[in-house]
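Me: Please take me through this structure step by step, with the cut-offs behind each term.

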Amino acid sequence: SLPPEVYRQAVSQADLAISITDPAARILYANESFSRITGYGRDDIVGLNESVLSNHTTPREVYADMWTALRARRPWSGKLLNKRKCGDVYLAELSITPVLDAAGEITHYLGMHRDVTELH
Ligand code: FAD
């Protein structure tokens, strides 16, 4: 089995933007690619809700679908219009996975996204 440090370094250095939140979508951890893509440094972003990335142009139904899936402990994937710290808008291809404890309760969410603006 891998030493825990390898998991940590792999997530830290992944090319995808990776964040881990509490059940209220408040960011507890963000990796280097998350900072590169969003423009938020680690110290800016920890403690904020993921909604800080919203450009507020994504239809409400998209978020409703997202939270229906997540509350049912199912992963969700989709595309959202996100806003960087500088205000630039980008298209994010996002996947969110509920992280469950041994009792099956949601303790965290794992978010992974990439910037697909140039592919569209
Ligand atoms: P909100 O009022 O936050 O949410 C709209 C509706 O969603 C609410 O009425 C409620 O029904 C439901 N809802 C919201 N939060 C919760 C909750 N904690 N539990 C159950 N239901 C809830 N959004 C983006 O725009 N861009 C992202 O990149 C992004 N990444 C995310 C990554 C992760 C890991 C998670 C967990 C969420 C992410 N979100 C992202 C969703 C984000 O947290 C907001 O729900 C979304 O941005 C809508 O924000 P809002 O303020 O417009 O509406």
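**Questions on the fold and its residues**

Me: Among contacts in the protein chain between residues at least 6 apart in sequence, what percentage join residues at least 24 apart?
Reply: This is a predicted model, in which local features need pLDDT of at least 70 and side-chain atom pairs count only at pLDDT 80 or more, while totals for chains, interfaces and linings use all residues. Residues are numbered from 1 along each chain as its sequence is written. Two residues are in contact if their C-beta atoms, placed from the backbone, lie within 7 Å. Among the contacts between residues at least 6 apart in sequence, the share that joins residues at least 24 apart is 36%.

Me: What pattern does the protein chain follow when read along the sequence?
Reply: Helices (H or I, at least four residues) and strands (E, at least two) are DSSP runs numbered from the N terminus. By that rule the protein chain has four helices and five strands, and their order along the sequence is α-β-β-α-α-α-β-β-β.

Me: What is the radius of gyration of the protein chain?
Reply: The radius of gyration is taken over C-alpha atoms, and the globule rule it is set against is 2.2 Å times the number of residues to the power 0.38. For 120 residues that rule gives 14 Å, and the chain comes close to it, so the chain is as compact as a globular protein of that length, with a radius of gyration of 14 Å.

Me: Which elements give two or more residues to the shell around the ligand?
Reply: A residue is near the ligand if its C-beta atom, placed from the backbone, lies within 6 Å of it. Of the 22 residues around the ligand, Ala25, Glu50, Ser51, Ser54 and Gly111 come nearest. The elements that supply two or more residues to this shell are β1 (17–21), α4 (60–71), β3 (76–83), β4 (89–100) and β5 (106–115).

Me: How many residues of the shell around the ligand are charged?
Reply: Ala, Val, Leu, Ile, Met, Phe, Trp, Tyr, Cys and Pro count as nonpolar, Asp, Glu, Lys and Arg as charged, and the others, Gly among them, as polar. On that scheme the shell holds 11 nonpolar and nine polar residues, and the number of charged ones is two.

Me: Is tyrosine 40 buried or exposed?
Reply: A residue is buried if 20 or more other C-beta atoms lie within 10 Å of its own, exposed if 12 or fewer, and partly exposed in between, with C-beta atoms placed from the backbone. Tyrosine 40 is found in the loop between α2 (32–38) and α3 (42–45), and, leaving aside residues up to four places away in sequence, it touches Ser35, Ile45 and Lys85. Because 20 other C-beta atoms lie within 10 Å of it, tyrosine 40 is buried.

Me: Which elements give two or more residues to the largest nonpolar core?
Reply: A nonpolar core is a set of buried Ala, Val, Leu, Ile, Met, Phe, Trp, Tyr and Cys residues joined through C-beta atoms within 7 Å. The largest has seven residues, Ala17, Ile18, Ile27, Ala30, Phe34, Tyr40 and Ile45. Two or more of these residues come from each of β1 and β2 (27–30).

Me: What is the bridge partner of isoleucine 18 in β5?
Reply: Two strands pair if DSSP finds at least two bridges between them. β1 and β5 pair in the antiparallel sense over five bridges, and within β5 the partner of isoleucine 18 is methionine 112.

Me: What exposure class does methionine 112 have, with 19 other C-beta atoms within 10 Å?
Reply: Methionine 112 is found in strand β5 and touches Leu16, Ala17, Ile18 and Ser95, not counting residues up to four places away in sequence. With 19 other C-beta atoms within 10 Å, methionine 112 is therefore partly exposed.

Me: Which residue stands opposite tryptophan 76 in β4?
Reply: β3 and β4 pair in the antiparallel sense over eight bridges. In the hairpin of these strands, which has five residues between them, glycine 87 takes a positive phi near 105°. Opposite tryptophan 76, in β4, stands isoleucine 96.

Me: What phi does glycine 104 take in the hairpin of β4 and β5?
Reply: β4 and β5 pair in the antiparallel sense over nine bridges, and leucine 94 has histidine 113 as its bridge partner in β5. The hairpin has five residues between the strands, and there glycine 104 takes a positive phi near 85°.

Me: Does histidine 56 count as buried or exposed?
Reply: Histidine 56 lies in the loop between α3 and α4 and has a positive phi of about 60° although it is not a glycine. Because it has 7 C-beta neighbours inside 10 Å, histidine 56 counts as exposed.
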